[in-house]
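These are my notebook entries on one protein chain. I record what I looked up, entry by entry.

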Amino acid sequence: VRIPPDQQSITICDVDTDDGRGSVYATQSYTFDHVYDQDTRQREVYDCSAHPAVQSVLQGYNATVMAYGQTGTGKTYTMEGFTNGEHRGIIP
């Protein structure tokens with residue numbers, strides 16, 4: 001998986017390792033509003049993704065924040081977090 005510096009897409013590469021060289025033989029790219037890695041802080045996730053949605057709701061629009069990913073990758077932590085400031089989740 002490759003995440004470019006703009007953090008708005010991911011590219012999944014299928015690698016052929018049968019020949020011992022590990023050459024890429026197929027890729028598929030997906031685009032998102034933002035892609036976060038394992039070092040991203042809760043505040044950055046909120047500021048980039050949730051804050052604009054909250055502001056839209058306060059202006060009368062509908063909004064959804066969805067966390068999607070593999071089991072154990074931190075979706076529940078991101079959404080619920082803990083009660084202290086640095087580790088608070090997106091939802092109260």
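Entry 1, the side chain of D47. I looked up how D47 sits in this predicted model, and I found it partly exposed, with a relative accessible area of 37%. I then searched for its partner and noted that the side chains of D47 and R43 meet in a salt bridge, at 3.2 Å from N to O. R43 counts as exposed, at 57% relative accessibility. I counted the salt bridges in the structure and recorded one. As background, side chains of opposite charge can pair when their charged atoms come close.

Entry 2, the position of the pair. I asked where D47 and R43 lie. Both belong to helix α1, residues 42–58, and they are four residues apart, about one turn of the helix. I add the general rule that an α-helix has 3.6 residues a turn, so residues three or four places apart point the same way.

Entry 3, the course of α1. I followed the helix along its length and found a kink of about 45° at A50, shortly before the proline P52. After α1 comes G60, and I noted that its phi is positive, near 100°.

Entry 4, the buried side of α1. Which residues of α1 are buried? I listed Q42, V45, A50 and A53. A50 therefore enters my notes twice, as a buried residue and as the site of the kink. I next looked for what covers the buried residues of α1, and α2 (75–80) is included in that cover.

Entry 5, a surface patch. I looked for nonpolar side chains at the surface and recorded a patch of about 470 Å², made by V1, I3, I12, Y30 and F32. I examined F32 further: this residue lies in the loop between β2 (23–31) and α1. At 40% relative accessibility, F32 counts as partly exposed.

Entry 6, the chain as a whole. I then turned to the overall arrangement. The secondary structure comes to two helices and two strands, and along the sequence I read the pattern β-β-α-α. How many of the residues are buried? Of the 92 residues, 14% count as buried. The protein exposes about 7500 Å², and carbon and sulfur atoms supply 49% of that area. Finally, I looked up the contacts with a separation of 6 or more, and residues 24 or more positions apart account for 23% of them.

How values were computed
Residues are numbered from 1 along each chain as its sequence is written. This is a predicted model: local features need pLDDT of at least 70, side-chain atom pairs count only at pLDDT 80 or more; totals for chains, interfaces and linings use all residues. Side-chain values use heavy atoms; hydrogens and water are left out. Buried means under 20% relative accessible area, exposed over 50%, partly exposed in between (1.4 Å probe, protein chains only). Contact means heavy atoms within 4.5 Å. Accessible areas come from the Shrake-Rupley method with a 1.4 Å probe; for residues, only the protein chains shown count as cover. A salt bridge is a side-chain nitrogen of Lys or Arg within 4 Å of a carboxyl oxygen of Asp or Glu. Patches are made of residues with over 30% relative accessible area and no salt bridge: like charges are joined within 9 Å, nonpolar side chains (Val, Leu, Ile, Met, Phe, Trp, Tyr) within 5 Å. The bend at a residue is the angle between axes fitted to the seven residues ending there and the seven starting there.
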